[in-house]
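Colleague: I have a model on screen and some labels to challenge. Take me through them one at a time.
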Amino acid sequence: MLRPLFLSLVLAAVPFALLAQDAPRRIELEMTPEEFRAAGLDGLTADQLARLNVWLGRTLDAETAKAAETARAQVKEANRGFLDFGSSEPIVARIAGEFRGFGQGRSYTLDNGHVWEQVDDARLAGVRLQDPGVTIAPALVGNVWYLAVDGYNRRAKVKRIK
């Protein structure tokens, strides 16, 4: 008994779902009549207006897709290092300012705006560098990242805090 009722509800909803799909964009409905006339579009034939609307829809779809992909890429890049979100590619940057070696609890601010905190007890004593190059790379398993300073074989386990 429930199956036929469910099927009839689904079939009844299909026309509404089809109506909800992207309807063709019509420039004449997006503009006021004054804007339409001022742009000279009132002189187009019905066929010319239809072709313009097809082109406009295609162009808007393409530009919307580009903007969405750009936004996704920006979000992905901005969130690298937080949980398992973003790219797992190594981050190559510079520590902004003086680097005084590793020490548990120290924060490292990068020139790209990221702030990473050391969470292990790795040491790199006696080192004083100005704006050193660094690579922050993920471990093979889990959400663990390691910071290495250019020219040194030691690395520290870090987590992104900003």
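Modeller: Start with Arg-160. Its side chain reaches the backbone oxygen of Lys-162 at 2.8 Å. Keep in mind that this is a predicted model.

Colleague: What makes the approach of Arg-160 to the backbone oxygen of Lys-162 a polar contact?

Modeller: The distance is 2.8 Å. The cut-off is within 3.5 Å for a pair of N or O atoms, so the pair qualifies as a polar contact.

Colleague: Where is Arg-160, and why is Arg-160 called buried?

Modeller: Arg-160 is found in strand 8. Its relative accessible area is 11%. Buried means under 20%, so Arg-160 earns the label.

Colleague: And Trp-145: why is Trp-145 called buried?

Modeller: Trp-145 has a relative accessible area of 4%. The limit is under 20%, so Trp-145 is buried. Trp-145 is found in strand 7, on the covered face with Leu-147 and Val-149. Tyr-146 and Ala-148 make up the uncovered face. In a regular strand, side chains alternate between the two faces of the sheet.

Colleague: How do you know that strand 7 and strand 8 pair?

Modeller: They share 4 bridges, in the antiparallel sense. Pairing takes at least two bridges, so the two strands pair. Val-158 in strand 8 is the bridge partner of Trp-145. The C-alpha atoms of Trp-145 and Lys-157 are separated by 5.9 Å, although these residues lie 12 apart along the chain. The hairpin has 5 residues between the strands, and Gly-151 there takes a positive phi near 95°.

Colleague: What makes strand 6 and strand 7 a pair?

Modeller: 5 bridges join them, and the strands run antiparallel. At least two are needed, so they pair. Ile-136 stands opposite Leu-147 in strand 7. This hairpin has 6 residues between the strands, with Gly-142 at a positive phi near 80°.

Colleague: Why is Leu-140 called exposed?

Modeller: Its relative accessibility is 90%. Exposed means over 50%, so Leu-140 is exposed. Leu-140 is found in the loop between strand 6 and strand 7. Leu-140 and Ser-88 are 52 residues apart in sequence, with their C-alpha atoms 9.6 Å apart in space.

Colleague: Which residues touch the most other members of the largest nonpolar core?

Modeller: Phe-99, Phe-102, Leu-110, Ile-136 and Leu-147, out of 18 residues in that core. Strand 1, strand 6, strand 7 and strand 8 each supply at least two residues of this core. Strand 7 gives the largest share, 3 residues. A second, separate core of 5 residues includes Ile-27, Phe-36, Leu-49 and Leu-56. In soluble globular proteins, nonpolar side chains tend to be buried together.

Colleague: What does Phe-99 touch, leaving out residues up to four places away in sequence?

Modeller: Tyr-108, Leu-124, Val-127, Arg-128, Leu-129, Pro-132 and Val-149. The test for contact is heavy atoms within 4.5 Å.

Colleague: Last one. How do you know that the span of helix 4 is close to the expected value?

Modeller: Helix 4 covers residues 46-78, 33 residues. Its first and last C-alpha atoms are 47 Å apart, against 48 Å expected at 1.5 Å a residue. Leu-49, Asn-53, Leu-56 and Gly-57 are buried in helix 4. The buried residues of helix 4 pack against helix 2 and helix 3.

Terms used. Residues numbered from 1 in each chain as written. Predicted model: local features only at pLDDT ≥ 70, side-chain atom pairs only at ≥ 80, totals over all residues. Heavy atoms only, no water. Expected span 1.5 Å × (residues − 1). Buried < 20%, exposed > 50% of the residue type's maximum accessible area, 1.4 Å probe, protein only. Polar contact = N/O pair within 3.5 Å; in protein donor to acceptor, adjacent residues only side chain to side chain. Core = buried A, V, L, I, M, F, W, Y, C linked by side-chain atoms within 4.5 Å.
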